[in-house]
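Thanks for making time this morning. I will go through one structure, starting with a term we need and then moving from one part of the chain to the next.

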Amino acid sequence: MKKILIGLSCLALTPSLLQAQPQLVGHRGSYWGVENTAEAFVNGARAGYDGLECDIKITADGEYVISHDDDLSRLGHSVSIEGSTLASLQELELSQTRGGVAYTGRLCTLAEYLDICNQYDCFPVIELKWCTGIHSNESGNNDFSKIPGLIGLIREKGLAEKAVILSSMRGCLEYIRSNYPEIQIQFLTGQYWANHFDWCVEQGFDVDIQIGYFDEKAVKQFHDAGLKVNVWTVNSESNFLTYYDYGCDMMTTDYFKLSDITADISVGISSLWSKRKSELSYLTAEGQNAMGVYEGKLYIPNRETGRFVVVDGTDGSLIAEHDTGLSGRKMSGLAITDDGAMLLGGTGGDSDTLYIAQCDREQGSIVQQFALPVPGLGEADYLAATGAFYSAEGGYLATAGNSGMAAIIPFANGTFGEPRVIPGHGMTAPASQAVIRDASSFFITGQYCPRKLYNLNGEVIGEFGEERPATDASSAVCFTLGGKEIFVSAENKVGILKVFNITGGLAQATVIGNTTPAMGRGANANLTTPLCVEYVDDYAIVYLLAPNNGMAAYKIYRRGASTVEPATDDGIRIFASDSLIQVEGVAPGQSIAVYDLKGRLIQSTVAESGCTTITNSQPGQTYIVVTSGQAVKVCL
């Protein structure tokens, strides 16, 4: 008996710009022309659309024409399609104003539309509307008499392997699948797509789901079943990025073009969770200035109470609360070193001394305390650290004062070295903070700070150009992700993030996507919105605390990134990545077969010595690899 190893090599489904970019489909051709006319189709093709969508009706003399409605009243003529001949309909001049432009055109036939698809190498997406000869409903009122002629014309034009038939009429789609198995099929649905999921899987039908009615989990659900997802109708950059991130295979659009994208889309951002203050009992209106993360747990001190809470980073739930015994502002700031040492502190209103307490993260007890001289620093309530506190190599702690100065304090072997106060931003700026970039440089941010990059001698080595954080941005984190250097700014005190790609330098910073939604309306009187970041595999999680409004976690990742993980059993190892399947451990000469989820053979080959590579596969699809009496499911 074959042994099925389910899901042993399911990889990330996030698309890549070069390998799994979603196909764009022009809705009713495009916005540039009367809908469903030759002009709209040609202009959609010239705009770079991969496919062209249309709607089918049938005339009184049995001709297939392109029209969304049963009549042409929206396009200037109160005549019905079904009651008129093709010749009489094509004499009419159709008119439509779209985007402030008045267009004219004439009715397009199915044959003309298919010729345009061939001429411009676009695949046809043909939506079946209710009309005589093409209709069905759940009560059995079916008429498929015109479908053979429709498919015959598609075959005649050589497009049977490329065409997609789209409809919400389940009976029509089942009829086509039974009689014309080479035709690709999409089920048109919206809010209630889940009610049809099992049926789509059973029939092997891809889906076209209305925008706003599904999420990333739904896309993965269809992908895991080997089905593609189209979304209609995507007309903005923000929506494109959202459904791009979901992993949609196609997007139907009226007028959106890839050239319209202004943001850097090599990196994506998505929300993991968001909770309002009313849902989080441990959030207070004041006193929570800082936040750190270590191994998936968040640590939030409260300078008003001398206590800190431990929070589960996966959902924001409270794990524990500890009393440190420290007095108020001497625990305003928090930094967690690379080896997990939690450092609490601040100047506590004393501009000449920085008080640091190393605190046990799990018990709340004070391990050791330091009083470090920082003459001229001014008030400093926020801390940042890089390096391992207990290592010989060590690292440094950085802080910025409100008098325009900054301090760098080296550490190693569990203790601090001599602090060095250096010139900083040069402004009397509330909520000034140091944001560490790497072992040799740091930013200073805060209310009205210019957000420049400094070396450890206090020299400016970079500053933002045209794209920059808001003037009242209150906090930030900086990290590297897959060769990209990312700067995330808390744009104001109510909980809005903005993500920048600073790989090319601060002066060439680009914005990634859109700002995140505000957490609420209540501005934090402490003038800061704490952020912290932690890496998980090939992505980063940025945590946001807006004390008066709530907390949120955001995933920031490289689009197209995938982690190759082996599926293994009895010495056989199968790897899947992008469009490649690699098989190891099969004796040379043994057969290897790849099937889709409907059991159709996609490719067969024989094993080579070492590793056998199979390339005839598509990203985002699921296959069954059969060899040596085993069957392994792999997801590209």
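Two strands count as paired if DSSP finds at least two bridges between them. Keep that in mind, and also that this is a predicted model.

With that term in hand, take strand 32 and strand 33. Strand 32 covers residues 475-481 and strand 33 covers residues 484-490; the two pair in the antiparallel sense over seven bridges. Which residue of strand 33 is the bridge partner of Ala-476? That partner is Ser-489. The two strands make a hairpin, with two residues between them. Gly-482 sits in the turn and has a positive phi of about 55°. As for cover, six of the seven residues of strand 32 are buried, so by the cut-off of under 20% relative accessible area the strand is mostly covered.

Next, a sheet. Four strands form it, in the order 14-38-37-36, and the sheet is open with antiparallel pairing. Why is one side of strand 14 and of strand 36 left without a neighbour in the sheet? Strand 14, residues 267-276, and strand 36, residues 531-536, stand at the edges, and each has a single partner strand, so one side of each stays free of a neighbour there. On average, neighbouring strands of this sheet are turned by 20° against each other, direction ignored. As a general reminder, strands of a sheet pair through backbone hydrogen bonds, either parallel or antiparallel.

At one edge of that sheet, strand 36 pairs with strand 37, residues 539-546, over six bridges in the antiparallel sense. Within this pair, Glu-534 stands opposite Ile-541 of strand 37.

Two strands of the sheet come up again with helix 8. This helix runs over residues 237-246, and its buried residues are Glu-237, Phe-240, Leu-241, Tyr-243, Tyr-244 and Asp-245. What do these buried residues pack against? Their partners include strand 14 and strand 38, and also helix 7, at residues 216-224. Strand 2 (23-26), strand 12 (229-232) and strand 13 (250-253) are packed against as well. Just after helix 8 comes Gly-247, with a positive phi of about 95°.

Last, the chain as a whole. Its secondary structure comes to eight helices and 46 strands. Of its 636 residues, 55% count as buried. Taking contacts between residues at least 6 apart in sequence, 52% join residues at least 24 apart. The chain exposes about 25,300 Å², and carbon and sulfur atoms supply 46% of that area.

That is the end of my part.

Technical notes: Residues are numbered from 1 along each chain as its sequence is written. This is a predicted model: local features need pLDDT of at least 70, side-chain atom pairs count only at pLDDT 80 or more; totals for chains, interfaces and linings use all residues. Side-chain values use heavy atoms; hydrogens and water are left out. Axes are lines fitted to C-alpha atoms, for helices over the stretch in contact, and angles run from 0 to 180 degrees between N-to-C directions. Buried means under 20% relative accessible area, exposed over 50%, partly exposed in between (1.4 Å probe, protein chains only). Contact means heavy atoms within 4.5 Å. Accessible areas come from the Shrake-Rupley method with a 1.4 Å probe; for residues, only the protein chains shown count as cover.
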